Amino acid sequence: MLVGMTRNEITEQIVVARLAKGLTWQELADAIGRPVVWTTSALLGQHPIPTELGKVLVDMLGLDESAVAVLAAVPMRGGLPTAVPTDPTIYRFYEALQVYGPAIKELIHEQFGDGIMSAINFSVEVEKKPHPTGDRVVVTFDGKFLPYDWVSGGAQ
């Protein structure tokens with residue numbers, strides 16, 4: 001029974017149940033008609049899952065119905081256990097942004113102006129691309145450009 005469990009404890013239950021049932025993240029995403037990266041992220045605690053979709057997922061995973069309300073709550077987003085990620089897969093993204101981040105920032109400013117890429121109005125896709133020297137990982141971040149809107153000081 002999951003009554004009184006935290007979001008992190010439910011996330012652990014989700015990971016264990018998915019493996020025990022032999023379900024893929026894609027199968028779970030297909031069951032609710034959502035993108036696989038969003039669904040995986042949501043099930044790992046980064047997005048609220050609408051109640052009706054949560055019910056489908058909880059049923060598929062064989063979790064207690066009480067998990068639905070926790071899954072629907074707005075989570076505390078982001079944050080890894082350490083400032084510099086130690087998981088090799090996540091660290092490589094960190095490393096790539098250290099190396100290429102300043103160049104990406106400069107190119108965004110040159111091509112779009114002074115602003116940022118939204119991580120709220122955003123999607124991400126992960127694809128496997130065959131290559132003669134070994135399969136390639138293609139990650140596409142697709143975020144809306146948000147220009148800085150500098151407001152003159154003083155209350156009006």
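# A guided tour of the predicted protein chain

Residues 24 or more positions apart supply 51% of those contacts in the protein chain that have a separation of 6 or more. Keep in mind throughout that the model on the screen is a predicted one.

**Begin with the whole chain.** Show the protein chain as a cartoon and follow the elements from the N terminus, where the order reads α-α-α-α-α-α-β-β, a total of six helices and two strands. If you then reduce the display to the C-alpha trace and turn the view along the principal axes, the protein chain spans about 60 × 55 × 30 Å. The radius of gyration of the protein chain is 19 Å, whereas a compact globule of 156 residues would have one near 15 Å.

**Switch on the surface.** The accessible surface of the protein chain amounts to about 11200 Å², and carbon and sulfur atoms account for 59% of that area. Of the 156 residues, 21% count as buried. Colouring by charge brings up 12 positive and 18 negative charges, whose mean positions lie 2 Å apart.

**Select Arg 18.** This residue sits in helix H1, which covers residues 7-21. Which side chain of opposite charge is nearest to Arg 18, and how far away is it? It is Glu 27, at a distance of 7.2 Å, and Arg 18 is buried yet takes part in no salt bridge. A salt bridge here requires a side-chain nitrogen of Lys or Arg within 4 Å of a carboxyl oxygen of Asp or Glu, so the 7.2 Å between Arg 18 and Glu 27 does not qualify. To see what does surround Arg 18, display its contacts beyond the neighbours within four places in sequence, namely Leu 23, Thr 24, Trp 25, Leu 28 and Leu 61.

**Look next for the salt bridges.** Side chains of opposite charge can pair when their charged atoms come close. How many salt bridges does a search of the whole structure find? The search finds three, and the stops below visit them in turn.

**Select Glu 52 and Lys 55.** The side chains of Glu 52 and Lys 55 form a salt bridge with an N to O distance of 3.5 Å. Both residues belong to helix H4 (residues 51-61), and because Glu 52 and Lys 55 are three residues apart there, about one helical turn separates them. Glu 52 counts as exposed at 54% relative accessibility, while Lys 55 counts as partly exposed at 41%.

**Move to helix H6 and select Arg 92 and Glu 95.** Here the closest N and O atoms of the salt bridge between Arg 92 and Glu 95 are 3.5 Å apart. Arg 92 and Glu 95 are three residues apart in helix H6, which means that about one helical turn lies between them. Arg 92 is partly exposed, having a relative accessible area of 48%, and Glu 95 is partly exposed with a value of 32%.

**Stay in helix H6 for Ala 96.** Ala 96 lies in this helix, which runs over residues 88-112, and is partly exposed with a relative accessible area of 32%. Draw a distance from its C-alpha atom to that of Met 60: the two residues are 36 residues apart along the chain, and their C-alpha atoms are separated by 36 Å.

**Finish with Lys 128 and Asp 135.** The side chains of Asp 135 and Lys 128 meet in a salt bridge, with 3.4 Å from N to O. Is Lys 128 buried or exposed? Lys 128 is exposed, with a relative accessible area of 66%, whereas Asp 135 counts as partly exposed at 48% relative accessibility.

Methods:
Residues numbered from 1 in each chain as written. Predicted model: local features only at pLDDT ≥ 70, side-chain atom pairs only at ≥ 80, totals over all residues. Heavy atoms only, no water. Helix = DSSP H or I, 4+ residues; strand = E, 2+ residues; numbered from the N terminus. Rg over C-alpha atoms; globule rule 2.2 N^0.38 Å. Buried < 20%, exposed > 50% of the residue type's maximum accessible area, 1.4 Å probe, protein only. Contact = heavy atoms within 4.5 Å. Areas by Shrake-Rupley, 256 points an atom, 1.4 Å probe, with all protein chains shown as cover. Lys, Arg positive; Asp, Glu negative; His and termini not counted. Charge placed at Lys NZ, Arg CZ, Asp CG, Glu CD.
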